[in-house]
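Hello,

Here is the structure I promised to pass on. Please open it alongside this email; my notes follow below.

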Amino acid sequence: MTTLAEQFVQVLIQAGVERVYGVVGDSLNPIVDAIRRSGSIEWAHVRNEEAGAFAAAAEAQVTGRLAVCAGSCGPGNTHLIQGLYDAQRSGAPVLALASHIPSTHIGTGYFQETHPERLFTECSVYCEAINWPAQMPKVLRSAIQHAIGLGGVGVVVLPGDVAHQKAAAPVGRHDMLVRHGVVHPPADQVAQLAGALNAAGKVTLFCGAGVRGAHDEVMSLAARLNAPVGHALRGKEWIQYDNPFDVGMSGLLGYGACYEAMSEADLVVLVGTDFPYTDFLPGTKTVQIDADPAVFGRRTPLDLAVHGDVATTLRAVLPKVEQKSDRRFLGKMLREHCKKLEHVVEAYTRDIKDRAPIHPEYAASVLDEVAADDAVFTVDTGMCNVWAARYLTPNGRRRVIGSFKHGSMANALPHAIGAAFADRGRQVVSMSGDGGLAMLLGELITVKLHNLPVKTVVFNNSSLGMVKLEMLVDGLPDFGTDHDQVSYAAVAAAVGIPSVTVTRPGEIREALTKAFDADGPYLVDLITDPDALSIPPKVSAEQMKGFALAAGKIVLSGGVGKMVDMARSNLRNVKGI
């Protein structure tokens, strides 16, 4: 007799699933046992279902394939929610199994009863319950197809007693969609786009994660238009490298001349971005190109919306775009960008190589130099976002994964777990803040249990640095943000992970090199300066509202690593500037 649990696992195998992240127990047991007996799928035990959902989200983003997590009834389900919100907002194809209390007790206030169909609706593209065998395998396949096809979370709710029942229909064969088609823009929209680009004297391209796979096309258009190219945080890894038109990043962590380039342009082209911070957008003279029609105009009014895959759209419009000869706008923005970077480098890197506590800017710059060219960096929300945005140098092969849209704490280590499971031969670096690491500290045990080669680099300032900054820029005294020093190296050693504490800048390179050369997991505990918040020296609380800096819209100008060298090189290498 084939049970629904066995059928569930068979469908996962057909979908190419290699593992399921979760915590065993209770209503989930029939599925876990079916996984054990299958011999084809790994059970990836984590310490908290939240971490399992984060791990699945990272695996899906690294591989581009479906990843799976599971939670038992009641608390097991509610623990999943945080990581699933992150996966949903990141567009990661994740399937979540939310097992449920016995079906005969649903609606009676039974032990651990929740309503999973309601709980997960907001953080999924599909959420349905299997209440009787005849619904399988259709419901499961539909959940998988929604997750892959729409880029998000598919949730299947399955009571434990139903999972034990005999399957009513054979599994059969089914061709799962694993590759997406390409959205070709309508010809009239391409013509309108070309007309707008040709008519504008000064054009700025602002790029997001949607430019993945379109680097060459963006560079070709920028060269045709003599256009500065800026980016949002999620666009950094796909567009900043080999970019002679780079003017930096806009947004809450922005730097360089990106804001000025958008403000002074006759036309701003939003390329594959759903950039949420309207205060940083010009509000007029804007065109948007995106494969997702739902994002058009929800951040700023548009003069033109072009529905299409970015690379395909730019290839279609390029033959219609006239070569611009005036390079003054590009030259001005490149000079301004270089000037700003040189200023902040001088202000925030002077003498820090010899100063203790360690300046996090310097530590991040050394990390960037020591890490592999194809490393996967997972980044905690908070000040680690700042250091990653400014110091990690993209090259087209590195990946940077974080909770950039959901903004959850504690994501870096569980994200690193999923990335390491996806490819044990690739260097995976968790840039963990001490606040984030402490929140899901038990996942160090998960790293050790599975002997995952995760290198955890802790920026340990004994403070919730981003929260402190939020308070300060609102004119409030920081309160509740600082705490006693904790030795995370000692914690790691206690669970069997080699570790080292670094207190002097001169020790960083050697410690990181040793960690990266180690075969298994390693933790480097960097004791960093809690006052290194990267606030521009002339900014007052009155100039800032939340994270919107009125003077230049540059919120956290700090050191910027190798970007100043790139800016200088761009000025030298772009002819006519």
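In this predicted model, helix α1 meets helix α2 through a defined set of residues. On the α1 side these are A5, E6, F8, V9 and I13; on the α2 side they are P30, I31, A34, I35, R37 and S38. By class, the contact has eight nonpolar, one polar and two charged residues.

Now the geometry. Two packed helices are described by the angle between their axes and the distance between the axes. Helix α1 covers residues 4-14, and helix α2 covers residues 29-38. They pack at an angle of about 55°, and their axes are 8 Å apart. The two helices are therefore oblique to each other. The crossing of α1 past α2 is right-handed.

Next, one residue to look at: L119. Its place is in helix α5, residues 116-119. Is L119 buried or exposed? Neither: L119 is partly exposed, because its relative accessible area is 29%, and buried would need under 20%, exposed over 50%. Leaving aside neighbours within four places in sequence, L119 is in contact with T78, I81 and T114. T78 lies 41 residues from L119 along the chain, yet their C-alpha atoms are separated by 7.9 Å.

Finally, the whole chain. It has 577 residues, and 58% of them are buried. There are 22 helices and 21 strands. Take the contacts with a separation of 6 or more: residues 24 or more positions apart account for 74% of them. The chain exposes about 22200 Å², with carbon and sulfur atoms supplying 51% of that area.

Best wishes

Terms used. Residues are numbered from 1 along each chain as its sequence is written. This is a predicted model: local features need pLDDT of at least 70, side-chain atom pairs count only at pLDDT 80 or more; totals for chains, interfaces and linings use all residues. Side-chain values use heavy atoms; hydrogens and water are left out. Axes are lines fitted to C-alpha atoms, for helices over the stretch in contact, and angles run from 0 to 180 degrees between N-to-C directions. Helices (H or I, at least four residues) and strands (E, at least two) are DSSP runs, numbered from the N terminus. Angles under 35 degrees count as roughly parallel, over 145 as roughly antiparallel, 65 to 115 as roughly perpendicular and the rest as oblique. A crossing is left-handed if the near helix is turned anticlockwise from the far one by less than a right angle, and right-handed if clockwise. Contact means heavy atoms within 4.5 Å. Ala, Val, Leu, Ile, Met, Phe, Trp, Tyr, Cys and Pro count as nonpolar, Asp, Glu, Lys and Arg as charged, and the others, Gly among them, as polar. Buried means under 20% relative accessible area, exposed over 50%, partly exposed in between (1.4 Å probe, protein chains only). Accessible areas come from the Shrake-Rupley method with a 1.4 Å probe; for residues, only the protein chains shown count as cover.
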